[in-house]
Amino acid sequence: MTLQLPRGPVMIDVAGVRLTDEEKHRLSNPLVGAVILFRRNFESVAQLRALTDEIRALRSPHLLIAVDHEGGRVQRFLDGFTRLPPMRVLGEMWARSPDQARDTARAVGEVLAAELRASGVDLSFTPVLDLDHGVCAVIGNRSFHRDPQVVAELAAALIGGLAAGGMIACGKHFPGHGFVAGDSHHEIPVDHRDYAEIERDDLVPFARLVRAGLHAVMPAHVVYDHVDPNPAGFSPFWIGTVLRERLGFTGTLFSDDLCMEGAAGVGDIVARAEAAFAAGCDMALVCNRPDVVDELFSRFSAPALPALAARLDAMAGQGDVDTWRAHLDSEAFRATRQRVAALSMPADALAGPAVGEAA
């Protein structure tokens with residue numbers, strides 16, 4: 001029986017390739033509005049489609065289904081999906097031909113989105129808008145380029161491809177994670193630059209894409225200590241003053257995973273959720289710790305979020321899943337997919353720290 005229940009402001013994960021009864025109960029909690037999938041949730045296209053069908057059948061409106069599926073080392077689903085290159089490949093192509101790089105970025109975005117939509121996934125947390133300053137291993141080749149204008153151009157093209165594949169975009173990690181060496185999955189990185197330097201460099205892609213209608217943003221668990229003592233995802237200044245007021249962003253703000261070490265300085269999971277929503281987040285991610293999810297459910301009261309329903313509606317994938325499944329067999333899509341599959345994969349395509357998966 002499908003539960004009639006509005007989407008809540010928390011995104012959680014599940015352990016395996018099908019739902020357990022315990023997980024079905026957890027996903028029925030009114031606080032939950034979305035599910036994020038990982039590599040452990042995938043064994044085949046058919047299995048993934050069955051899992052997303054199962055999740056969608058639990059509630060109406062259906063729980064949103066998201067994934068980190070960027071390309072390179074951050075591609076959760078492999079067999080049966082087109083292998084996508086790290087975004088640095090597109091940045092290197094830019095040096096040879098900006099027009100070819102834009103066109104290829106659009107093709108990558110379309111293949112990325114259409115294949116996910118055909119498997120029942122609503123949203124991929126992409127593109128990475130961080131600049132490649134050459135110091136942050138966890139970002140590394142996930143970044144398009146060092147030049148903020150090039151990042152903005154290629155991200156805009158990729159976003160156009162995502163839209164053609166039935167999916168909106170989520171730019172991350174606001175206001176920029178690329179200047180710090182630390183990995184916010186395991187520590188609290190600190191960026192010592194002042195606001196003016198960040199504004200004229202790392203903020204540029206976010207500013208340009210917000211003006212172009214970017215639908216969603218994810219902030220960084222990074223402290224910019226010359227600007228604000230709080231990590232950006234818990235900062236009313238970065239989210240409210242800069243992103244919402246100065247840049248004019250009106251879309252959905254997803255926290256990064258509140259179980260990451262970069263969020264630890266705020267307190268326990270309830271304190272982290274409270275701080276994220278107080279700063280202006282719309283949806284909090286709690287990943288890889290079902291015990292922590294249960295703790296949150298037992299002690300957290302969600303604030304009033306009058307814009308939440310409309311913002312989450314905008315995150316849902318466009319078009320019917322069956323239509324996208326048929327689209328994958330079209331001649332035009334097959335040609336686009338072959339073009340993307342033929343892109344060179346550099347020797348270091350999978351180099352760098354693992355991102356987001358449970359140990």
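Trainee: I'd like to start with helices α9 and α10. At what angle do they pack, and how far apart are their axes?

Mentor: Keep in mind that we're looking at a predicted model. The general idea is that two packed helices are described by the angle between their axes and the distance between the axes. Here, α9 (residues 269-279) and α10 (residues 290-299) pack at an angle of about 70°, and their axes are 9 Å apart. Angles of 65 to 115 degrees count as roughly perpendicular, and α9 and α10 are therefore roughly perpendicular to each other. Their crossing is right-handed.

Trainee: Which residues make the contact?

Mentor: From α9 you have I269, V270 and A273, and from α10 there are V292, E295, L296 and R299. Sorted by class, the contact of α9 with α10 has 5 nonpolar residues, 2 charged ones and no polar ones.

Trainee: Now α3 and α4. What angle do I find there?

Mentor: Read this pair the same way. α3 (residues 88-96) and α4 (residues 98-117) pack at about 150°, with axes 6 Å apart. Over 145 degrees counts as roughly antiparallel, so that's how α3 and α4 run relative to each other. On the α3 side, L90, M93, W94 and R96 make the contact; on the α4 side, P98, Q100, A101, R102, T104 and A105 do. That contact of α3 with α4 divides into 6 nonpolar, 2 polar and 2 charged residues.

Trainee: Let's try a strand. How many residues of β3 are buried?

Mentor: A bit of background: in a regular strand the side chains alternate between the two faces of the sheet. In this model, β3 (residues 32-37) is mostly covered, with 6 of its 6 residues buried. β3 also pairs with β2 (residues 10-13) in the parallel sense, over 4 bridges. Look for M11, whose bridge partner in β3 is A34.

Trainee: And what does helix α7 pack against?

Mentor: α7 (residues 203-211) is mostly covered too, as 7 of its 9 residues are buried. Those are L203, V204, P205, F206, A207, L209 and V210. They pack against α5 (148-164), β9 (170-174), α6 (195-199) and α8 (236-246). Just after α7, you'll meet G213, which takes a positive phi of about 105°.

Trainee: One last residue, T52. Is T52 buried or exposed?

Mentor: Buried means under 20% relative accessible area. T52 has 0% relative accessibility, so T52 counts as buried. You'll find T52 in helix α2 (residues 45-58). Leaving aside neighbours within four places in sequence, T52 is in contact with L37, I65, S119, G120 and V121.

Key: Residues numbered from 1 in each chain as written. Predicted model: local features only at pLDDT ≥ 70, side-chain atom pairs only at ≥ 80, totals over all residues. Heavy atoms only, no water. Axes fitted to C-alpha atoms, helices over the stretch in contact; angles between N-to-C directions. Helix = DSSP H or I, 4+ residues; strand = E, 2+ residues; numbered from the N terminus. Parallel < 35°, antiparallel > 145°, perpendicular 65-115°, else oblique. Left-handed = near helix turned anticlockwise from the far one by under 90°. Contact = heavy atoms within 4.5 Å. Nonpolar A, V, L, I, M, F, W, Y, C, P; charged D, E, K, R; others polar. Buried < 20%, exposed > 50% of the residue type's maximum accessible area, 1.4 Å probe, protein only. Pairing = 2+ DSSP bridges.
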